Amino acid sequence: MPDAPTPRLVYDALLITSHHDFYKPAVAPRVAELGIGAALVAELVLSGHVAVRPEDGSRLAPRDIGVAPPADSLGLWLTELVRAEPEPLPVPEWLEFLAVSDLYSKTADHMVTTGLMHRTERRSRWRKASQVSYEPVDAFIAQAPLARIRRHLTSMEQRMPLPDAFLVALTEAVGLSRSLYSQTPYGARDYARSHTRSLPAPLQALHGHLAAAVAATAITGNL
Amino acid sequence: MSTPSAPPSAVRSTLAHDKLGTFSLLHFSLTAATPLTVIAGGVVVMFAVAGQIGIPLGYIVIAACLWLFSVGYTTMSRHITNAGAMYAFIARGLGRIPGVAAAWVAATSYCAMQACLYGLLGVTAEGVMDRIGLTVPWWAAALVAWLLIGLLGTRAVDINAKVLAVLLMVEIAVILLFSASNFMNAADGLSLAPLSPGSFGGEAAGAVLALAVVGFIGFESPTVYGEEARDRRRTVARATIATVGILAFIYITASWSIITAVGEDDVVAAASADPSGLMFALAGDQLGGAWVTIGEVLLLTSVTAAALSFHNTTARYLFALGREQVVTARLGRTSVRACAPVAASLTQTAVGGIVIALWAVLGLDPLTHLFFYLGTAAGIGLLALITACAVAVAVYFWRDQRGESTWHTRVAPVLACVALAGVLYLSVIHFHTLLGVEKGSLLPRLVPILFAALALLGAGWAAYLKRARPEVYAGIGYGAKATLVQSTGGVEASPEVARGR
């Protein structure tokens, strides 16, 4: 698999799920956390640090074969957690765990250090606790990932890079189909679907579990 | 020497903090049932329709049947995905073709049950408005409620649950107050006759049992949260059985208290004279006139809550079927910001609106022709669904006990099948009593025929999917996880899927 040295997928997932639409959260908080979590796992799968075994109940396991630990703190955090588990856990449990781990803040903090986001802390006059919010430094940065994958869907000229193909699948899975396909030419959905079908089996399983987790959220209302 | 234990999983320890306990699941299932609607809108009508005082005994019989059913049902829910929908149990137990047939009957029944409540709601609102000097037609009040329910239905389920929880607490408090007052103002002292076997039987027995089942709908909902339960083996079973027990206690107490307050010789005549207002009239006589208004206003909120609850259940069914692509995939869409099953919810809202408009334009009676006819017909459909689900549970465990006890997999499921089949048989043959028409007339025969036709159409559609769209067929019964089964070509499917039934 190709290397993914920077955690770009997880940044893109955060911007698409939470900031592409005039800085308002595009999807429900839990759905955003699920999407960001799936993107982080996908990055580590692409960089060869972890493996998803669809034939073994989609369990997430560490890979030790000649790969240096992830250079970024986010990837390292998750890789260490995967490594620390006494036995490999299924992807749905990892997605559930990442959804309750405040992954949005962890990722946004990471993006602050790379100069992509601003961190603002406001102390409430009435409550002792302060409120932290994150905003992209530039509206163009916030909209760039969705614009990029929409460009693929509009031109349909060549095959999308693997991370972008996964990002398209992820954007659809979190319920942003309308934003994704708005004003795209006829055949864009089929083009995207063909890419989703040709994703490697671990990423297909990851995408399937993400879509299932979002649907389960809609059924139970556990936001 | 002690054996070294496996190191704990940090991920599972973190997730355990967020798991739902028995009380959380009980909250979800009890809010799906709305006891004041059942008692004020159903129990008094049962006295009038059945012409006998054995209603508390009818509730005991149904509670026992549903308790037996719950034993196998909650046990099977541990072994399957999409455990919130009964058609999924049928798909796993009896096969996907009966599963789709059941899904069509279930969606229609829940949809009809929700729509029928607009009739009771309109009439109750009309009465409340009349009391304060306003004249509002039933359909106008029903349309206001329809709009509110339509809006709440497109919001997240947890918002609805909070609204329903507050209403439920007030309802239960008022029912217990009214019941205590009835017992303290007994006409002829406390009588045990309503609980004796002789008080219950004849042509009306099936009608009473069918109406009693409707009051418990919602008891099945803890299985929806099976994957989020603290202990999947015990929490769901405890919550389901506790729901049946609590609802049975409320219904038995309230119906017995009405008999005690009016007198066993007079209750049938009193209920026939004032089927929608007897309970509140008793409270007004005993506690003061203000309680009549309080009761009617609470009945209004209770029926609204019941309609909202059935709206959510129907939307969940349609959403799961949309996700499986058994019906149009558009129904599987969620709203972006709230992650609610928005397309399914709007579909149910549209059906409700059409029903209200149709009944208003045709000038049909909202209480008899909408609430009662449509509601009892839906009750028969739901009873057939529960019975088919009981058979599916028995068949599922007959093939493989999956390490569960004989009581949970053989004895209780078989007893539940026999008991529920008996109740269904009595309900169908006594359906004319339920509708208040002559034996042998067209209407009571039409409803079972309609459900049978729906089931046949569903089965035919499933057979078509098996031949023309096998990938969709593979995902039947998996609900939220259908796309996973479809995309992985059944990698994560159960042995039933692997066998291609």
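Select helix 4 of chain B and look along its axis: the helix bends by about 25° at B:Ser70, the bend at a residue being the angle between axes fitted to the seven residues ending there and the seven starting there. Helices (H or I, at least four residues) and strands (E, at least two) are DSSP runs numbered from the N terminus.

This is a predicted model, in which local features need pLDDT of at least 70 and side-chain atom pairs count only at pLDDT 80 or more, while totals for chains, interfaces and linings use all residues. Residues are numbered from 1 along each chain as its sequence is written, and chains are lettered from A and ligands numbered from 1 in the order in which they are written.

**Helix 4 of chain B**

Keep residues 55-77 of chain B selected. The end C-alpha atoms of this 23-residue helix are 31 Å apart, in agreement with the 33 Å expected at 1.5 Å a residue; the expected span is 1.5 Å times one less than the number of residues. Helix 4 of chain B is mostly covered, with 19 of its 23 residues buried. A residue is buried if 20 or more other C-beta atoms, placed from the backbone, lie within 10 Å of its own, exposed if 12 or fewer, and partly exposed in between.

**The loop after helix 13 of chain B**

Move to B:Gln325, in the loop between helix 13 and helix 14 (342-362) of chain B. B:Gln325 has a positive phi of about 65° although it is not a glycine. Most residues other than glycine have a negative phi. B:Gln325 counts as buried because it has 20 C-beta neighbours inside 10 Å.

**Where the chains meet**

Display both chains. The contact takes 34 residues from chain B and 36 from chain A; two residues are in contact if their C-beta atoms, placed from the backbone, lie within 7 Å. On the side of chain B that touches chain A, the elements giving two or more residues are helix 1 (10-17), helix 8 (157-184), helix 13 (290-324) and helix 20 (482-487). Helix 1 of chain B supplies the largest share of that side, 4 residues.

**Chain A as a whole**

Now isolate chain A and colour by pLDDT, the predictor's confidence in each residue, from 0 to 100. Chain A averages 87, and 92% of the residues score at least 70. Over residues 1-5 of chain A the pLDDT is below 50, and beyond near neighbours in sequence this stretch has 11 contacts in the model.

Chain A comprises 10 helices and 5 strands. Of its 223 residues, 48% count as buried. Among contacts in chain A between residues at least 6 apart in sequence, 68% join residues at least 24 apart.

**Helix 10 of chain A**

Select residues 201-220 of chain A. The end C-alpha atoms of helix 10 are 28 Å apart, which agrees with the 28 Å expected for its 20 residues at 1.5 Å a residue. Because 18 of the 20 residues are buried, helix 10 of chain A is largely enclosed by the rest of the structure. Just after this helix, A:Gly221 takes a positive phi of about 75°.

**Two further residues of chain A**

Go next to A:Asp102, in the loop between helix 4 (91-99) and helix 5 (103-113) of chain A. A:Asp102 has a positive phi of about 55° although it is not a glycine, and counts as partly exposed, with 13 C-beta neighbours inside 10 Å.

Finish at A:Gln143, in helix 6 (residues 139-155) of chain A. A:Gln143 is partly exposed, with 18 other C-beta atoms within 10 Å. A distance label from A:Gln143 to A:Thr79 should read 29 Å, C-alpha to C-alpha, for residues 64 apart in sequence.
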